[in-house]
Amino acid sequence: MIQKYEIAKLYDTINNDDFLDLTLQAYILCLIEKEGDSVLIEDLKEANELISKNICLSVNGLLKIENSAAIAVGFYKYFKTELNFTENNIFESYHNLYLHVAKFLKAEGYASKKEDISRELLTLLIIRFSKNGFLFVHYIDQLEEFDKINPKSRKRIYEFVNAYGNALTEIKAKTEVLYSDLTRLFELTESEATYNSNQYYLLEGLREFTIKKTEQAIVLFEYSCNCNIESGKIITALTAYLYEIHGEIFLSTIAQPYLANDLVAECIFYGLSMVKGIEHVGALSYLKLYESNKDNEVLIVALSKMLLNLISNEIKYNKKEEIDKACFERLENILVNYGALPAIKIIDQMAFIKGHENYKTHLLLTLIDQSYFNMKEFLRVIENVYWRLDDLKSFKQVLTAIADKEPFRDLGKNFKNFINKCDKKELDWTIIELVTDNKSSRRELGNSIFNANRLQSDYMLDYDLLSLAPLTQYKLWVGLCQNIGEPRNYLIALLPLLNSNSETVRESFISKLEELTQDYAGHITKALDDYSHIYKRPEVLERVTKYRDEFFRINADCKEGIAELNPYETQYRLLREFNKLHNRNFSRTIEKGAKENSFLSMIGKTVKLGKGGGWKFPGREGVKKLGHIQTGMVLPRSLFIYPEEYNIQCGIEQRTDWEEEQFDLIIQLIANE
């Protein structure tokens, strides 16, 4: 039975077994004649030989491909004869054979196996070329030239790199040649992407190379260190793999002489930050390395990654908690003393560490306290932390610190993912605490979280507002009414206060409702009417409605008959021009947003514009006529009458800290009830 050999051994096995070789060639010929992998077992007399060797499977009377590597060997041997191919020192000819087979596989029915067969075939070709003692230098030159000419079409490069990684353990080359090839291939596949799938194959190839050919890997490591920084990726990868094999012996004997060179030491430390399963002795060694190099700013990012790797290490040993504490203390020192660059790296990687909520929170608070902290650079990495950290207490502490440092920013919208997964009751209590805070920046934060949490206009706080102290109830409606937005969005949450046991709270809130009708008229009374079941006090609606009608009778209705006071009459031309300009700009904005962000952009490939104007969906009869898209917003009346004064007044209310003395009268009124 054939085991799952590397393709080089598989080639030798097939080549040395004449009967298996002939049977495989017969099967390849059937595949070519059938134009796909649906070959009947009865069409191949020796089918049982392929089934017994795990090359094929028997499925409902059909012979199906199981071992893609064996089939790749078969195709190679078949097309080698068919194309009169002779192994030589020009890899371009090998690649042409590969392209011929790949084109054949693409044209025929090998949908489920063609990628595997193609990859295995190219791996085999690289191994065969290398075993003859030939070098890839000229072919890599061609790849580099090809990349310059066709920078957007890199499939050829990626196919070769992936196969080279697979073949690395079997490639026959001198250390300096292997170093040169790897360095250039790493450069060719360099990318700013978080996950570089193409370099993954090279790294995995290096891992296998290190395991199977450890002595050669050590020689390659030493050669790379002597070649300095050009081989950074090679040094980093080999450090991780050799440390996992030899442990502290590698670090103290093989790597130690090269730590005097900062550029090489940085690569070695990055490699140590990739090691898994570090024991207590290794952890102490890491801390010792940090202490020896902590004053070197060149190495500080790599050292911080080593510390983070120790924390994320899942191996449990007796003093793991002490080691973790020591690591967090050193990370805090880096945040305080080494500026923004290492800080971003630390917080970004910290997001992936499990547990340690208190330490994480402390690091974030330390970061925010630094003079270099700014939201533009750091808000994204802090968001990433709370993608994985489910701790509302930590969230409140950190966002409060940010709001105090850079006040009046709409922070809530940046943390919607965290807000949506919070326990609603706990989150609503956090909102109440923030909205009733004396500091204006925290009240703004509370309103921002409220807006981010509010998925619909009739949002209700999941908390018994009537159980709050009367002064807190008063502060709640005052703070939440400072919300920028339509009153309906926040008033619904406050309606239970109309049943407060405190007359001061009730009357002050009703007075606020009356005041709001001056700017929002029927929108306030409609909200009270629609949600009267919450407070069940019809006299409140009656009172507010009466106030609204009286206010507009005195201040607005009297002007209706005077054309000179009607802007529509006196400024019609300006209004008309404004409407034209607004509609044009609004349409342009909507069109741009639709192209970049809309749901239609995601399904656009399946939607056709039908004759007659409209959308035609596949599989449906007729054309759906285009409708109108309309939107509206409620703006306060005062904004149009006294725009500057209104903005200044709102700004002062929102951005003024409360003093306890301001509430002396309210406290006294409550006490006298």
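**Exercise 1. Work out whether the length of helix α23 (residues 424-435) agrees or disagrees with the expected span.**

Start with the rule: helices are DSSP runs of H or I with at least four residues, strands are runs of E with at least two, and both are numbered from the N terminus. The expected span is 1.5 Å times one less than the number of residues. For the 12 residues of α23 that gives 16 Å, and the end C-alpha atoms sit 16 Å apart, so the two agree.

Before going on, a word on the model: it is predicted, with local features needing pLDDT of at least 70 and side-chain atom pairs pLDDT 80 or more, while totals for chains, interfaces and linings use all residues. Residues are numbered from 1 along each chain as its sequence is written, and side-chain values use heavy atoms, leaving out hydrogens and water.

**Exercise 2. Find which residues of α23 are buried, and what they pack against.**

First, the cut-offs: buried is under 20% relative accessible area, exposed is over 50%, and partly exposed is in between (1.4 Å probe, protein chains only). In α23, that picks out L427, D428, T430, I431, I432, L434 and V435. Next, look for contacts, meaning heavy atoms within 4.5 Å. The buried residues of α23 pack against α21 (392-405), α22 (416-421), α24 (440-453) and α25 (470-480).

**Exercise 3. Place Q25 in its helix and list its contacts beyond four places in sequence.**

Q25 belongs to helix α2 (residues 18-34). With a relative accessibility of 19%, Q25 counts as buried. Skipping neighbours within four places, Q25 touches G74, K77 and Y78. Take K77: it lies 52 residues from Q25 along the chain, yet their C-alpha atoms are 7.9 Å apart.

**Exercise 4. Lay out the sheet and name its edge strands.**

Strands pair if DSSP finds at least two bridges between them. Here three strands make an open, antiparallel sheet in the order β1-β3-β2. The edges are β1 (39-40) and β2 (56-59), each pairing on one side only. Now zoom in: four bridges link β2 to β3 (residues 62-65), and V59 stands opposite L62 in β3.

**Exercise 5. Say which residues touch the most other members of the largest nonpolar core.**

Such a core is a set of buried Ala, Val, Leu, Ile, Met, Phe, Trp, Tyr and Cys residues joined through side-chain atoms within 4.5 Å. The largest has 196 residues, and Y164, F221 and F269 touch the most other members. Domain 1 (1-132) and domain 2 (465-561 + 634-672), bounds taken from an automatic or database assignment, both contribute residues, so the core lies between them.
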